[in-house]
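The following exercises guide a newcomer through a two-chain model. Each task is followed by a solution that proceeds step by step.

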Amino acid sequence: MNTRIGARSLQYLLAYLFVLLSIYPIWLMIVNSFKTTAEIYMDPLGLPATFSFTNYRKLWETVPFADYLTNSILVSVASVILTLIFASLAAFYLARFSFRWNGFLYFFFLLGLMIPIKLGIVPLFLLMKELGLLNSLWSLILLYTGSGIPLSVFILTGFLRTLPIELEEAARIDGCNHFQVFWRILLPLVRPALGTVMIINFISAWNDFFFPLIFIQKDALKTIPIGMLSLFGEYEADWSLLFAGLTLSALPMIIVFLLASKQFMEGLTAGAVK
Amino acid sequence: MAKSKRSWLIHLFPLPALILYVMFVLYPLFSAFSYSLYDWKGIAKGAFVGLENFTTLFTKEPFNEMFWRAIQHNLIYFVIEMIVQNGLGFLLAYIIYRKIRGAELLKAAYFLPRLLSVIIVGFLWKLILNPNFGALNTFLGKLGLESWAKPWLGDPDTALYAIILVNCWFGIGFAVLVFLAGLQSIPAELIEAARLDGANRLRLLRSVVLPLCMPSITIMSVLTFIQAFEAFELVYAMQGSMGEPVYSTDTLAVYFYRLAFGGAGGTDTVAIGLGSALAVVLFLIVASVSAISLYLLRKREVQH
């Protein structure tokens, strides 16, 4: 019995030690954002002597953070909305009709799950250049929508297939056309799957750093991650400014997560486990 | 039932998704395939050269040296992630599965880092690992372990491992959730039956739990492999596009970035032909390994 209690305490110890390990660096980031650079250099682990928002004010004055934030929101929201609309239309077609080519089309979409899109960056860059979309947020919106399609179609088609066909037949007898069936009957029923798709695509668009690195040069068009890259390039030694930048960048996502942590965790794993 | 005149409109439904997918996912990848067969002068396409770019990549100095060094680092990346992130991740998932107080809090805490942009993670840890003012060395000093303090990212012997461990910090919460989903899908009767048969804990874990968790373990391994072979952002954020110090943290994707956008082999010229050839090689590695393991997974599932 003693060994059982011992094993149990060891499990608790390990589990909570890892909580500390996961959270402590983020805690350090937030705490240091309220200190002066001298204070950070003296003791990076301690609490600030006085609690002030000086660093944040300075950050706001040095970099166009409001622009970064607006751009990040614009790009993520627009690409998520487009992905939701386009992927659910395609999923409706694949799940509720049996045209001869539907099997092939479904497989064709799934191929995209195996493609690491970063490897196509050179042709993508030249394509965006030709379309005149370099230094335009549309380059990111269109790319995130396109790259979000395969997984979204996969998840939504799987979900739509589980719904009984009778629902639709009743609506059709009542005179609904395809679009009304889709919009009024099916879409409200797949809300959980839409939530999953939304979360997966939102996080990847919000956090992406690779594509804006290549497509966006203008400071006023930068998203938050790429804005941080220029902040770290220019103010390397001003640690209080850097920590304030990191904290402000991380904050929106952390707040959203605290509000809906369950949906986030379920949504992100759904894509992997299915 | 009378067909409505406008029923052909249904074929418009998948079109927007199809167009964007083909244009921004398929077309770029297949173009990269074709680019790899041409000679390039800057961003101007030259003559068709067959497989010459591939031969250069594998046999000419300094390209071959860079390639083999980088692929080794990708392999180390994969192995350490498997052991640390997935091994510990499974252990933590199992602890949560065996009932623990505060399970929801634990899951959320482990998962929190996964929400941050990789560039934020990289910059944050770059500050923490700083040799002079970083939190880690200060922390070691407070424990009386000054001798353990190191310039973690400046020393070629530790830099790669430091980056990989940061990646484990970032990814472990996701691994825990995937494994936990796998564990929770095991029918409770099976565990009960094994226990009634007198299986002890270790035996239970080895002969019942682990085999039944194979789908989630396989999926996590494939995802880890893909991630390890595409490792770019963290290296770029922490060590720049040269994989400093002296290429000790270079990976295939970082090398690819240098070839595609300049900076390979000490020159600033872009080498789109070579870069595209490397993209093809990377694609073949990732796609074949994931296809094979998912095929094996399917086969195993059918047998059960």
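Helices (H or I, at least four residues) and strands (E, at least two) are DSSP runs, numbered from the N terminus. The model is a predicted one, in which local features need pLDDT of at least 70 and side-chain atom pairs count only at pLDDT 80 or more, while totals for chains, interfaces and linings use all residues. Residues are numbered from 1 along each chain as its sequence is written, and chains are lettered from A and ligands numbered from 1 in the order in which they are written.

**Exercise 1. Describe chain B as a whole.**

Step 1. The secondary structure of chain B consists of 13 helices and two strands.

Step 2. The C-alpha trace of chain B spans about 85 × 70 × 35 Å along its principal axes.

Step 3. A residue is buried if 20 or more other C-beta atoms lie within 10 Å of its own, exposed if 12 or fewer, and partly exposed in between, with C-beta atoms placed from the backbone. Of the 304 residues in chain B, 42% are buried.

Step 4. Two residues are in contact if their C-beta atoms, placed from the backbone, lie within 7 Å. Among contacts in chain B between residues at least 6 apart in sequence, 65% join residues at least 24 apart.

**Exercise 2. Set helix 8 of chain B against helix 12 of chain B: how many residues of each are buried?**

Step 1. Helix 8 of chain B covers residues 188-196, and the count of buried residues among its nine is zero. Just after helix 8, B:G198 has a positive phi of about 90 degrees.

Step 2. Helix 12 of chain B, residues 252-261, has nine of its 10 residues buried. Among them are B:Y255, B:F256 and B:R258. Helix 12 is followed by B:G262, with a positive phi near 100 degrees.

**Exercise 3. Locate the cis peptide bonds at B:P62 and B:P245, and examine the backbone at B:V246 and B:Y247.**

Step 1. The bond from B:E61 to B:P62 is cis, with omega near -5 degrees. B:P62 lies in the loop between helix 2 (52-59) and helix 3 of chain B.

Step 2. B:E244 and B:P245 are also joined by a cis peptide bond, with omega about -10 degrees. B:P245 is placed in the loop between helix 11 (233-239) and helix 12 of chain B.

Step 3. B:V246 is found in the loop between helix 11 and helix 12. Its phi is positive, near 35 degrees, although B:V246 is a residue other than glycine. B:V246 is exposed, because 10 other C-beta atoms lie within 10 Å.

Step 4. B:Y247, in the loop between helix 11 and helix 12, is not a glycine and has a positive phi of about 60 degrees. With 18 other C-beta atoms within 10 Å, B:Y247 is partly exposed.

**Exercise 4. Analyse the contact between chain A and chain B.**

Step 1. The contact takes 66 residues from chain B and 72 residues from chain A. On the side of chain B, the largest share, 13 residues, comes from helix 1 of chain B.

Step 2. For the classes, Ala, Val, Leu, Ile, Met, Phe, Trp, Tyr, Cys and Pro count as nonpolar, Asp, Glu, Lys and Arg as charged, and the others, Gly among them, as polar. The side of chain B that touches chain A has 53 nonpolar, 10 polar and three charged residues.

Step 3. Two packed helices are described by the angle between their axes and the distance between the axes. Axes are lines fitted to C-alpha atoms, for helices over the stretch in contact, and angles run from 0 to 180 degrees between N-to-C directions. Helix 4 (residues 65-96) of chain A packs with helix 1 of chain B at an angle of about 115 degrees, and the axes are 7 Å apart.

Step 4. Helix 4 of chain A contributes A:F86, A:A87, A:L89 and A:A90 to this packing, and helix 1 of chain B contributes B:P16, B:A17, B:L18 and B:L20. By class, this contact has eight nonpolar, no polar and no charged residues.

**Exercise 5. Which residues have the most contacts inside the largest nonpolar core?**

Step 1. A nonpolar core is a set of buried Ala, Val, Leu, Ile, Met, Phe, Trp, Tyr and Cys residues joined through C-beta atoms within 7 Å.

Step 2. The largest such core has 176 residues, and those with the most contacts inside it are A:A87, A:A90, A:L156, B:F256 and B:L278. Helix 7 of chain B gives the largest share of this core, 18 residues.

Step 3. Domain bounds come from an automatic or database domain assignment. Domain 1 (2-56) and domain 2 (64-234) of chain A both give residues to this core, so the core lies between them.
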